[in-house]
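Thanks for sending this one over. Here are a few notes on how the strands and helices are arranged, to read with the model open beside you.

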Amino acid sequence: MTHSIKTAEEVRWLLTHTQGFRGGRVMDVHLAKRWMFDEESGRDVTAGSVVTVVVQYHLKDILRIAKLTLQGVSDFSIFEQDGGDCSSLGVIQVEVQEGQLRFWFDPQGNLYVVCEEALLEEVALPHSDKDMNTEVAQWIFQAESGDAPTVAWLLNELDQAGVPCIWRSAGRRSGAPRALSWEGELVAAADLNAGSKAALTVRAYEPIDGAGFGIRLLPRLSAGRINGRLLRAVTEVVTQRYAGTCLAGISSEEWSGRKF
C-alpha cells in the first residue's frame, strides 16, 4: 500500500489508519542530501533533503511494517543521550502548518521532522512473536488484491524461468497464524547437494488487513542469507504477475517498497 500525505485530511487518515503507531518501534532512520550543480557559482548547492523512517507496529493480530519517506525536509533532529532511546513510540503527533508537515515521533521531540510531503509505504502480515526475528534476512510482498497463488503455480513459473525447484511442504505448525494459506521449503534443483543451507522458506497468507495476499521468504537457517539466485527468481515471477509492495530486510536502505 502506498499513500501520499500532504493535507490535514490526509494526516487524519494517516493517524486513523496507523492509530498513531501506538506501541510501535522505529527500526531505521536515514537522511539523504540532494545536490545540484549551480552554473552561476560554479559549485554544488543543496537541492533538498529526504528523511526515511521505518516503523514496525501491531494492530490486533496484524504486524505492519511502514516506511515514511519525508520529502522537502526543512528541519530534522534526532537526539539520544545518556542511554536514551527514541525508537520506542507511544503515539506520534503530526500537524499541518503553512503547507508544512511537522512530525513528532516521541513526546520529547528527540525525533522531529518538518517536511513538505510524506509518502507512506506499508506491508502487513499475521503477527507471531516466534516468527519475527529482525536479524534474519527476509523478503515480504503484499499484493494489492486477490488470493494467494498456489504452490503448483509458483513451481511452474520458476520452471519456465529456468530455475526448476523442489518443494517440501511443511506440516501445520502449532500457533501458526490462521491467515496462513500454505508453507514449505523451496530448493533449486541445482542446489540440492547443498542441503538445508540452500533452502528457502516460503509462506503465503490469505488477504490480510483489508488488502491482498502476502508472501514472505526466509532463509532456512536463522543465521543464513537468502540464496541470491533463488530469491531473485521467486521475486521476479511474483512481481511480474501481481501488483503490490515489497520490502527486503527492515532498514530503509534495503526497502524496495513500490508498485510493480
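1. Let me begin with the hairpin of this predicted model. Strand β6, residues 93–97, runs antiparallel to strand β7, residues 100–104, and five bridges join the two. If you would like a register mark, Gln 93 stands opposite Trp 104 in β7.

2. The turn deserves a look too. Two residues lie between β6 and β7 in this hairpin, and Glu 98 takes a positive phi near 50° there.

3. Next, the open sheet. Its six strands follow the order β11-β12-β13-β14-β10-β15, with antiparallel pairing. At the edges are β11 (165–169) and β15 (244–248), each of which pairs on one side only. On average, neighbouring strands of this sheet are turned by 20° against each other, direction ignored.

4. Within that sheet, you may want to trace one pair in detail. Six bridges link β12 (residues 180–188) with β13 (residues 200–205) in the antiparallel sense. Here Glu 185 of β12 is the residue that stands opposite Thr 201 in β13.

5. Which strands does helix α2 touch as it packs on the sheet? The helix, residues 151–160, touches β11, β12 and β13. The direction of α2 makes about 25° with that of β12.

6. Finally, helix α3, residues 228–241, lies across β10 (139–143), β11, β12, β13 and β14 (214–219). For its orientation, take β10 as the reference: α3 runs at about 5° to that strand.

Notes
Residues numbered from 1 in each chain as written. Predicted model: local features only at pLDDT ≥ 70, side-chain atom pairs only at ≥ 80, totals over all residues. Heavy atoms only, no water. Pairing = 2+ DSSP bridges. Helix = DSSP H or I, 4+ residues; strand = E, 2+ residues; numbered from the N terminus. Axes fitted to C-alpha atoms, helices over the stretch in contact; angles between N-to-C directions. Contact = heavy atoms within 4.5 Å.
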